[in-house]
Amino acid sequence: TRRCVAGVDDGSRNQPETASFTNASGAAQTVFVVVGSYSETDADTVFSLSGATSPIVAGEVCENAQAITSGTALMNETLTTFSRDYVLGLTCSRSSGAERVYSISVGPNQTLTARGVPDMMADIVLNLIDGPAANCNASSVACLTSADRGASGQEDRITWQNTTAAAKTVFIVVSNYRAGMMTYSLEAQVQ
């Protein structure tokens, strides 16, 4: 079975495009870069290609999520250096942009409230995924709850209660609809 692990097509001619792939497996992986043209009749098919590898930044995937604690208020967070890593299922709110992952522990019979506020030019989405981190790598990720108010500059808020008798680590995934510079704040409270 063939599967694309990343792809990009911004729809513009003569513009650079960047695709990225995050290998969170812990083992080396061979990937193939396939370059194609939108039209079979394109006469101009000359292009240049470059590649680079770098360490996975904290927050790129659930396996190295940025750990936060209750009462945390993160200001001026960005998605600029992050990529889109997950196939979110029907229980999630979806977006077309990059994702950043935070982890937080929620004690037994406690409630997590997470609030994200984007800048006026951004529209973020919040999704909450149950631990362990391997759950983030399902072919269709299930979310415990999600929020997408659908407008630039609008706050998104999720609330979830841990009804079990044990503490759980959950993953807050922040994503957006637009490429380019944007900032947001994220606050998390467990009570």
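A disulfide, as I use the word this morning, is a pair of cysteine sulfur atoms within 2.5 Å. With that cut-off, a search of the whole structure, which is a predicted model, finds two disulfides, and I would like to begin with these before moving on to the sheet and the cores.

The first one I will describe joins Cys62 to Cys136, with an S to S distance of 2.0 Å. The angle about the S-S bond is -80°, which makes the link of Cys62 and Cys136 left-handed. Distant parts of the chain are linked by this pair, since Cys62 lies in the segment before β1 (66-67) and Cys136 in the loop between β5 and β6 (145-147), 74 residues apart. Are these two cysteines buried or exposed? Cys62 has a relative accessible area of 4% and is therefore buried, and Cys136, at 1% relative accessibility, counts as buried too.

The other disulfide is formed by Cys92 and Cys143, whose sulfur atoms are 2.0 Å apart. Here the angle about the S-S bond is 100°, and the link of Cys92 and Cys143 is right-handed. This pair again links distant parts of the chain, with Cys92 in the loop between β2 and β3 and Cys143 in the loop between β5 and β6, 51 residues apart. Both Cys92 and Cys143 are buried. If one counts the bonded cysteines along the chain, the disulfides follow the pattern 1-3, 2-4.

Let me turn to the sheet. Four strands make up an open sheet in the order β2-β9-β4-β7, and their pairing is antiparallel. Why do β2 and β7 each have one side without a neighbour in the sheet? They stand at the edges, and each has a single partner strand, so one side of each is left without a neighbour there. From one strand to the next, the twist averages 10°. Between β4 and β9, which run antiparallel, there are seven bridges, and Thr113 has Gln189 in β9 as its bridge partner.

On the edge strand β2, which spans residues 72-77, I would point out Glu77. This glutamate has a relative accessible area of 11%, and because the cut-off for buried is under 20%, Glu77 counts as buried. What does the side chain of Glu77 make a polar contact with? The partner is the side chain of Tyr102, at 2.7 Å. Tyr102 is also among the residues that Glu77 touches beyond four places in sequence, and the others are Gln66, Arg100, Met182, Thr183 and Tyr184.

Tyr102 and Tyr184 bring us to the largest nonpolar core, which has 25 residues; together with Ile68, Ile104, Leu112, Ile172 and Val174, these two tyrosines touch the most other members. At least two residues of this core come from each of β3 (99-106), β4 (111-118), β5 (124-130), β7 (156-161), β8 (168-176) and β9 (184-190), and β9 gives the most, with four residues. Leu112 is worth following on the screen: leaving aside residues up to four places away in sequence, Leu112 touches Ile104, Val106, Leu128, Ile158, Thr159, Trp160, Val170, Ile172, Ala188, Gln189 and Val190. Gln189 in that list is the bridge partner of Thr113 that I mentioned with the sheet. There is also a second, separate core of 14 residues, which includes Val101, Ala133, Val141 and Phe171. As general background, nonpolar side chains tend to be buried together in soluble globular proteins.

Technical notes
Residues numbered from 1 in each chain as written. Predicted model: local features only at pLDDT ≥ 70, side-chain atom pairs only at ≥ 80, totals over all residues. Heavy atoms only, no water. Core = buried A, V, L, I, M, F, W, Y, C linked by side-chain atoms within 4.5 Å. Buried < 20%, exposed > 50% of the residue type's maximum accessible area, 1.4 Å probe, protein only. Contact = heavy atoms within 4.5 Å. Polar contact = N/O pair within 3.5 Å; in protein donor to acceptor, adjacent residues only side chain to side chain. Pairing = 2+ DSSP bridges. Axes fitted to C-alpha atoms, helices over the stretch in contact; angles between N-to-C directions.
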